[in-house]
Amino acid sequence: MDQTQPNVNHSHRVNSAINPIKWWTYIGLALVVGLALIMAICIPFVSVNPSITTSSQYVNDPRKESRRDVSSNEFPYNHIRLPKHIYPVHYILYLNHDLDNLTIHGKAQITIQCSKKSNFIVFHHNNSVILSISIAASPNSNHPLAITRSTFNPSTFLQYLQFDRELLPNTSYILTVEFRSKIYLNGINGLYRSTYTDGQHKTRYAYVTHFEPVYARSTFPCFDEPIMKATFKLFITRPKEYHVLSNMPLRTDRIISNQSTQAEFETTPRMSTYIVAYVISNYSSISTRTSTGTKIQAWIQPAKLHEIKLLLDYGTKSVELYQKLFGYNYPLPKLDLVGVKKPGISAMENWGLITMPISSALYSPGISHNKHRITVTVAHEIAHHWVGDLVSLKWWSELWMKEGFATVMEFYSSYYLKSPNIALSRFFRNKWDGAVKTDTGSLSRTVTKPVSTPTQINMIFDGIAYQKGACMLRMIEHFMGRKNFFQGVNTYLNHFKYGNANGSDLWNSLSKVSSYDINAIMHPWIHQIGFPIVTASINRHQQHVEFSVSLFPQKHQHQQKLSYRKTTRSIPFTYRTNGVLNGKFLISPNSAAMKLPSPFQWFKANVNSSGYYCVNYDHDTWIQLIQLLKTNHKELSPADRADLITDSRALSGIGLININIFFQITEYLSHERDELPLYMAFETLATLSPFLPQHKDKKNLRKYMSYLNLKSPPAMDKSDSQETVDNDQLPIQN
């Protein structure tokens, strides 16, 4: 919907639209709303065990204990995580697919090493039938190690093997496992079957992997933790009428029988198991190349081939953009973008082989309304190819590192490939609808959260990891400057490439190109719950600002009162005045006051709402900002105007300011033409209605919104602009 409003005589609008709401009615509405909010204490915007075969092959002496399932208290290895001293180096995977019976017959040859002597190893598998296991010091060794004990724990999916002698450091061993695993019909955990209808209305199938976070083990035995990186060589056998894609380019494709063909793929770089991938299908593709020669292809069922041009175009532009921002070329020789019908809405950043739901792949200009979804999805998943794939997290506790980073890169892709206004608008809405809503609710948690089990890991794919993680990164980027921020990202990528890192590694890399200790600033942010409130008290005569910092009260389940918490975290604070465009100050427990550099007429904190905090002002400063909005609202950016609307609504909702402040801020909106302030005004005013006890109060609220000409905002896709920025002239802003 076009948010541009016609020019209308203001006095006529007052007489015709707001006449039923006299000033006394307006005051009464404010009092009713304020009382209802305080009474309600409302926070704004918060609303089969594995089947295992026992075989004498597992032991050399049949008198020894055969391999068997055991309960956790009987299992000889009493940890959920894999031991750190045993690790894979290289996988050769032979995967033969019986698509009629939904079965994989496989053999995994895993080269392993150890950093200290060990007489056992532990690895993962799930829902597999193990047919044989052996281990030897070399592939052709005539003296394999004898396996004296082989035990599986179905609660941790760990296979334990004990040997007759110790594995030695600085020696490579070949673990060979023959197995049978499943192709799944429901869910996306492992290799699953996807269905679609072709141009002749016949049902067709595609077979697609989804291994994140812990499901590679469902397809082949492996060391299924992010830090256990290795190289992979895949041989995929399938019926000859299907083709197959994987992470790397195809090396050979040979017929091995009248019915089957085997594809051999190039060896991957070091990578984690959860981004190993392949797709068996009858899809067709369109393709292009980047300026550095990387081939990019978009794949879909043949009848829909004409609908994936946007996916290919925006994906290619995103690769080009990230190469320039990161100063690091795309790491692989090719990239495939595959649209599939899949349960849920999850896209997956498999290295070199991104899969996504068809709703995030197909687009018909003038007909479809999913342009925004396609562009942010492909921008997000491609960003992972640097942060997440090239440099991976050490453990899932710090999921925010890759998901927060990829989410903030949605912002930068929109900023440069669409327009800054679109980017700021989308990010603002995601901040309040995603991060703040979660962070002030009963399900809030620390950004870094200890997790161990698959259930715990899956639960942290939430608004804290994605939206709050992105907000923290956006805040620190704005504070340290965009050019410095991406120089720090480049340092991070070069230092940890093909390896693993944790949060402090990222912060320390940013610190190297900044005058601030970013790690010291951000450490409390990822280890403490909550959304900060910065209160700024301004002495205009002395040009002096004093700060205090608290946390937004958190509403707990089954409780009607709010819990207030203190915080000692530092705040990367930004501000604007009529004489200062982008002032910066680090608020800390030891430095909670600043001197303004020059006299000022008004003071607005949190420039473009780039910081992840809410701002309260002294009463006089609120009044000055209200006057500024009424006399010349364009002195502030659309994001700053929206920020005043959402902050005043949030603060009035918990009783820190009078609800009249919020209403007075909204009065200027009859002159507003920008989408973001209008959207946030509609949302914030609409949230008041449930707390108005009388029908006449609800009616007056609707009349006031009508007077402001506020309407329900369009979906993001419908308002997505066609405006783009020349990708060869990308600015890097400070």
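Are Lys402 and Glu349 buried or exposed? Both Lys402 and Glu349 are buried. Keep in mind as you look around that this is a predicted model.

**Salt bridges**

Let us stay with that pair for a moment. Lys402 and Glu349 form a salt bridge, and their closest N and O atoms are 2.6 Å apart. Lys402 belongs to helix α5 (residues 400–417), while Glu349 sits in the loop between β18 (334–340) and β19 (353–357), so this salt bridge ties together parts that are 53 residues apart in sequence. The two residues also have company: salt bridges that share partners join Glu212, Glu349, Lys402 and Glu403 into one network.

A search of the whole structure finds 26 salt bridges. Here are three of them, including the pair you have just met.

| Salt bridge | N to O distance | Separation in sequence |
|---|---|---|
| Lys402 with Glu349 | 2.6 Å | 53 residues |
| Asp253 with Arg238 | 2.8 Å | 15 residues |
| Glu675 with Arg429 | 3.7 Å | 246 residues |

Now find Asp253 and Arg238, whose side chains meet in a salt bridge. Asp253 is in strand β13 (residues 250–255) and Arg238 is in strand β11 (residues 231–239), so you are looking at a link between distant parts of the chain. How buried or exposed is each partner? Asp253 has a relative accessibility of 38%, so Asp253 counts as partly exposed. Arg238 has a relative accessible area of 3% and is buried.

The salt bridge of Glu675 with Arg429 links two helices: Glu675 is in helix α15 and Arg429 is in helix α6 (residues 420–439). Glu675 counts as buried because its relative accessibility is 18%, and the cut-off for buried is under 20%. Arg429 is buried as well, at 5% relative accessibility.

**A pair of helices**

Helix α15 has another partner to explore. Two packed helices are described by the angle between their axes and the distance between the axes. The axes of helix α13 (residues 638–653) and helix α15 (residues 675–686) come within 8 Å and cross at roughly 10°. Angles under 35 degrees count as roughly parallel, and α13 and α15 are therefore roughly parallel to each other. Their crossing is right-handed.

Which residues of α13 and α15 meet? From α13 come Pro638, Ala639, Arg641, Ala642, Ile645, Thr646 and Arg649, and from α15 come Leu676, Pro677, Met680, Ala681 and Thr684. Sorted by class, this contact has 8 nonpolar, 2 polar and 2 charged residues.

Methods: Residues numbered from 1 in each chain as written. Predicted model: local features only at pLDDT ≥ 70, side-chain atom pairs only at ≥ 80, totals over all residues. Heavy atoms only, no water. Axes fitted to C-alpha atoms, helices over the stretch in contact; angles between N-to-C directions. Helix = DSSP H or I, 4+ residues; strand = E, 2+ residues; numbered from the N terminus. Parallel < 35°, antiparallel > 145°, perpendicular 65-115°, else oblique. Left-handed = near helix turned anticlockwise from the far one by under 90°. Contact = heavy atoms within 4.5 Å. Nonpolar A, V, L, I, M, F, W, Y, C, P; charged D, E, K, R; others polar. Salt bridge = Lys/Arg side-chain N within 4 Å of Asp/Glu carboxyl O. Buried < 20%, exposed > 50% of the residue type's maximum accessible area, 1.4 Å probe, protein only.
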